[in-house]
Number of protein chains: 2
Amino acid sequence: MIADETGVSTATVSLVLNNRPGVSAETRELVQKTITALNYFPKRSASQLARQQTGNIGFIIWEDHFSEIEMFYSQCFLGMELATRDSDYYILLTTVKLDFSIPANLPRFLKYDDVDGVVLAGRVPHNLVALLEKRKIPFVLLDYEIPGKNHHKVLVDNYQGAYTAVQKLASKGRKNVGYIGGSADHPSIKERYRAYLAAIHDLGLHPNGNPLDLVYARTKEITPEIGIEGIKELLAKDLPLDAIFCANDTLALGVLEELKRQEIAIPGEIAVVGFDDIYAARFHSPPMSSVHVPKMELGKEAFKLLVEVINNPKQISQTRTISVNCVCRETS
Amino acid sequence: MIADETGVSTATVSLVLNNRPGVSAETRELVQKTITALNYFPKRSASQLARQQTGNIGFIIWEDHFSEIEMFYSQCFLGMELATRDSDYYILLTTVKLDFSIPANLPRFLKYDDVDGVVLAGRVPHNLVALLEKRKIPFVLLDYEIPGKNHHKVLVDNYQGAYTAVQKLASKGRKNVGYIGGSADHPSIKERYRAYLAAIHDLGLHPNGNPLDLVYARTKEITPEIGIEGIKELLAKDLPLDAIFCANDTLALGVLEELKRQEIAIPGEIAVVGFDDIYAARFHSPPMSSVHVPKMELGKEAFKLLVEVINNPKQISQTRTISVNCVCRETS
DNA sequence: CTGAAAGCGCTTACAG
DNA sequence: CTGAAAGCGCTTACAG
């Protein structure tokens, strides 16, 4: 079409379309011009076929995560979609169950090899990851990792975030900082807990020398109820307690609710800091202090990493860590 | 590949692949077998190129809607994605701003003609819709309509839902049912309001003969705060009031909050019913009564309609209405 | 620097 | 019922 119009060969048109050398300045300009004049765009399927790529990348997320009120991963997706706009990639979003059987539950785009790479957001079935490895499909994990495995991944700096949060609490004069957490087997939560312990130790925030006295850490799936239970249990101990660091905002929401119910002043008597900075935290009344995680950034970074991996599949596994900071609002 | 293995022509393989007549039972079976044996799948880009289609459908949503805590349209998307799995379509999800300029903000898949059709979820820029019409790209509106225009669309039965809600309230002996709404210019909200008025009239729920006394309807964007304002204003009138129907759950959440603050018994003194049945409604304490909207169904239906439109572009505009029902929980 | 040619892997009339 | 052939619209060596 452009070739007809300009009298140049399609080969040359292809070269300028893909911004490749080997074309004289004049022809390039001529072609360029008629391209914009005719509002021409190359047909995707044709170039894909010729290039032997798909131009798609998959975004896989546990269906529960996608529907969660936190919208953590939806925001990651959004960031990724935004980043994608400057590229030629399209994203294919699909959800999976954690209880994942192959090939029954395999996303279509994996079954039919319709993606050049995949990002896996949050907790995903390990056998899915194993399949990706076996099939040598480039992928990166987003806010998740599999212990003992070396995968490309982008993570939140959970340790730094939690440490900073406790530090801030200490800097405001809090002496007895408790911890409430669920999902203790989750890598991220583990890190946050580890950082809490370290900070308590480093900053001399031991209550009576035994920091575990102010710790409520369970393996159960995180819900506001766990937060409620946690704060109840901690309060029942009747030890000095003037602040709580929660492993995430959902828990903190529960904690706040219970403190309110017991008419304990926030932050007067007890300060509360969460982690993730979800919408509900910012819009809570009073607005909640939390470790802000830049979710869109995470998605963007995952995309960038994935593209690198696609272009250079055998590079060694990379971990990209996104730093975070604690934003103080009215609960601390 | 399959052709080589079986000694049949690629043309024949293509026929069985696409389940088309004109192949003997034996050859068909032979081909079928080696297809599954070799775990073969046709290459998408090749068939797309030959068929002159893209196999993609776009899902366009206002970015604010996508990030809203209600997750209404995310759930629609999910339902659509699920429906899509039995088809050959992939969904390309993208967000837009309401303030939409062409071509600057045109989604890539529209710019490059990479979709066979589009579903527009919720409120979308009207100039975008106009562009779709002009370009003759098949599309369906999901939970939205443009007054005066005849588009393919799938809607919630807002009228029936609202009417039923008021009816239920009446059946429980409520005599003075108020209304609180925002976004009064939104087609769905209008319908709900219209149904409220009709129900009040039909059921003889006039307080003092003037139903508008118990109405708080604003044009402002819906937020819990509008709900708070609304109930405050209604209460200030000091008229008999024993129930509130809210145009949606977000408002109802605000109403509930304010009633609690004022220590008005729910539903003892005032019953509250919302609309949409978002997560936050079900998980509110106490669980909120609401008109349940099957969001995943909506997405599924939109997909089905779109496919029909793609296959038969010149059919006259269809409106598919999804019926809803009021689920009574503890606030009514 | 430029074009002719082959190839990517399908589908679709068209003969036979 | 089946195959040979052309075509879909690009890209990529390869000559010149």
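Which helix gives the most to the surface near DNA strand C? In this predicted model, that helix is α4(B), which contributes five residues. The briefing below takes up the two DNA strands, then the relation between chains A and B, and finally the nonpolar cores.

**Surface near DNA strand C**

- DNA strand C has 22 residues around it, and those that come nearest are Ala11(A), Ala11(B), Ser14(B), Ala46(B) and Ala50(B).
- At least two residues of this surface are supplied by each of α2 (10-17) and α4 (44-51) of chain A, and likewise by each of α2 (10-17) and α4 (44-51) of chain B.
- Sorted by class, the surface near DNA strand C holds 11 nonpolar, nine polar and two charged residues.

**Surface near DNA strand D**

- Around DNA strand D there are 23 residues, of which Ala11(A), Ser14(A), Ala46(A), Ala50(A) and Ala11(B) are the closest.
- The helices α2 and α4 of chain A and α2 and α4 of chain B each provide at least two residues of the surface near DNA strand D, and α4(A) gives the most, with five residues.
- By class, this surface comprises 12 nonpolar, nine polar and two charged residues.

**Contact and symmetry of chains A and B**

- Chain A and chain B meet in a contact that takes 25 residues from chain A and 25 residues from chain B.
- On the side of chain A that touches chain B, at least two residues come from each of α4, α5 (63-67), α6 (72-84), β2 (90-96) and α7 (108-111), and the residues of that side divide into 13 nonpolar, seven polar and five charged.
- Because 96% of the interface residues of chain A are also interface residues in chain B, the copies meet through the same surface.
- Chain A is superposed on chain B, with an RMSD of 0.1 Å, by a rotation of 180° with 0.1 Å of shift along its axis, and the two copies are therefore related as by a two-fold rotation axis.
- Within chain A, the C-alpha nearest the axis belongs to Ser45(A), at 2.3 Å from it.

**Nonpolar cores**

- The largest nonpolar core has 180 residues, and the members that touch the most others are Val119(A), Phe245(A), Cys246(A), Val119(B), Phe245(B) and Cys246(B).
- When neighbours within four places in sequence are left aside, Phe245(B) is in contact with Ala162(B), Ala165(B), Val166(B), Leu169(B), Val177(B), Tyr179(B), Tyr196(B) and Val273(B).
- Apart from the largest core lies another core, of five residues, including Ile2(B), Val13(B), Val16(B) and Val31(B).

Terms used: Residues are numbered from 1 along each chain as its sequence is written. Chains are lettered from A and ligands numbered from 1 in the order in which they are written. This is a predicted model: local features need pLDDT of at least 70, side-chain atom pairs count only at pLDDT 80 or more; totals for chains, interfaces and linings use all residues. A residue is near a molecule or strand if its C-beta atom, placed from the backbone, lies within 6 Å of it. Helices (H or I, at least four residues) and strands (E, at least two) are DSSP runs, numbered from the N terminus. Ala, Val, Leu, Ile, Met, Phe, Trp, Tyr, Cys and Pro count as nonpolar, Asp, Glu, Lys and Arg as charged, and the others, Gly among them, as polar. Two residues are in contact if their C-beta atoms, placed from the backbone, lie within 7 Å. Copies are superposed by least squares on the C-alpha atoms of residues with pLDDT of at least 70 in both. A nonpolar core is a set of buried Ala, Val, Leu, Ile, Met, Phe, Trp, Tyr and Cys residues joined through C-beta atoms within 7 Å. A residue is buried if 20 or more other C-beta atoms lie within 10 Å of its own, exposed if 12 or fewer, and partly exposed in between; C-beta atoms are placed from the backbone.
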